[in-house]
Amino acid sequence: MKTIAQVLEGKAAQIATMEADRTVLDALRLLAEHGIGAVLVTDAGRLAGIFSERDYARRVVLEGKSSSTTLLREVMTSKLIHVTPVNTVDDAMQLMTDKRIRHLPVLDEAGTLVGVVSIGDMVKETIAYQQFLIRQLESYITS
């Protein structure tokens with residue numbers, strides 16, 4: 001099974017971030033522009049939280065807040081769950097399942113943000129690994 005570092009090698013190097021004092025509307029535009037479901041929120045350049053489509057639905061729409069005046073710092077998820085580059089896809093998938101989350105920041109040993117992985121990334125890697133195993137078994141059986 002691949003490590004998170006190996007998964008990140010196959011992804012675009014750009015990480016979508018936005019400062020905490022920007023509005024929810026700014027974040028929604030960024031999500032739409034990049035076709036992504038979450039943006040990492042920074043405060044003075046340091047990782048402070050994550051803002052997802054789920055946060056928007058639950059903390060903005062359902063609470064009747066305005067997207068154009070509500071700041072990200074008011075509605076982001078600040079209790080971050082993360083993985084490291086040495087974690088495996090299985091580790092990340094288990095964490096996402098247990099915590100019911102779809103995006104995980106990837107932090108190195110020094111706590112520096114090095115990427116982000118999504119549940120879609122994990123499913124893609126799991127399917128690729130299963131297909132590899134099937135090919136290996138078929139090859140073994142036919143030899």
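These legends walk through a predicted model of a single chain, one view at a time.

**View 1. The whole chain, with six helices and five strands.** Welcome to the overview. Starting at the N terminus, the elements follow the order α-β-α-β-β-α-α-α-β-β-α. Along the principal axes, the C-alpha atoms fill a box of roughly 65 × 35 × 25 Å. The chain has 143 residues, and 31% of them are buried. If we take the contacts between residues at least 6 apart in sequence, 54% of these join residues at least 24 apart.

**View 2. The surface and charges of the chain.** Here we turn to the outside. About 8,800 Å² of the chain is exposed, and 52% of that area comes from carbon and sulfur atoms. The chain carries 16 positive and 18 negative charges, and the mean positions of these two sets lie 5 Å apart.

**View 3. The largest nonpolar core, a set of 14 residues.** The members that touch the most others are Met-18, Val-24, Ala-27, Val-39, Val-41, Phe-51 and Leu-72. At least two residues of this core come from each of helix H2 (24-34), strand E2 (38-43), strand E3 (46-52) and helix H4 (72-75). H2 is the biggest giver, with four residues. As a general background, nonpolar side chains tend to be buried together in soluble globular proteins.

**View 4. Met-18 and its contacts.** Let us stay with one member of that core. Setting aside neighbours within four places in sequence, Met-18 is in contact with Asp-26, Ala-27 and Leu-30, and also with Val-39, Leu-40, Val-41, Thr-42 and Leu-72. Ala-27, Val-39, Val-41 and Leu-72 in this list also appear, like Met-18 itself, among the core residues that touch the most other members.

**View 5. A second core, separate from the one above.** This core holds 12 residues. Among them are Ala-92, Met-93, Met-96 and Leu-104.

**View 6. The hairpin formed by E2 and E3.** These two strands run antiparallel, and six bridges join them. Two residues lie between the strands, and Ala-44 in this turn has a positive phi of about 55 degrees. Asp-43 stands opposite Arg-46 of E3.

**View 7. Strand E3 in its surroundings.** Why is E3 described as largely enclosed by the rest of the structure? Five of its seven residues are buried, so E3 is largely enclosed by what lies around it in the structure. Strand E3 is also one of the elements that supply at least two residues to the largest nonpolar core.

Key:
Residues are numbered from 1 along each chain as its sequence is written. This is a predicted model: local features need pLDDT of at least 70, side-chain atom pairs count only at pLDDT 80 or more; totals for chains, interfaces and linings use all residues. Side-chain values use heavy atoms; hydrogens and water are left out. Buried means under 20% relative accessible area, exposed over 50%, partly exposed in between (1.4 Å probe, protein chains only). Contact means heavy atoms within 4.5 Å. Accessible areas come from the Shrake-Rupley method with a 1.4 Å probe; for residues, only the protein chains shown count as cover. Lys and Arg count as positive and Asp and Glu as negative; His and the chain ends are not counted. The place of a charge is taken as NZ of Lys, CZ of Arg, CG of Asp or CD of Glu. A nonpolar core is a set of buried Ala, Val, Leu, Ile, Met, Phe, Trp, Tyr and Cys residues joined through side-chain atoms within 4.5 Å. Two strands pair if DSSP finds at least two bridges between them.
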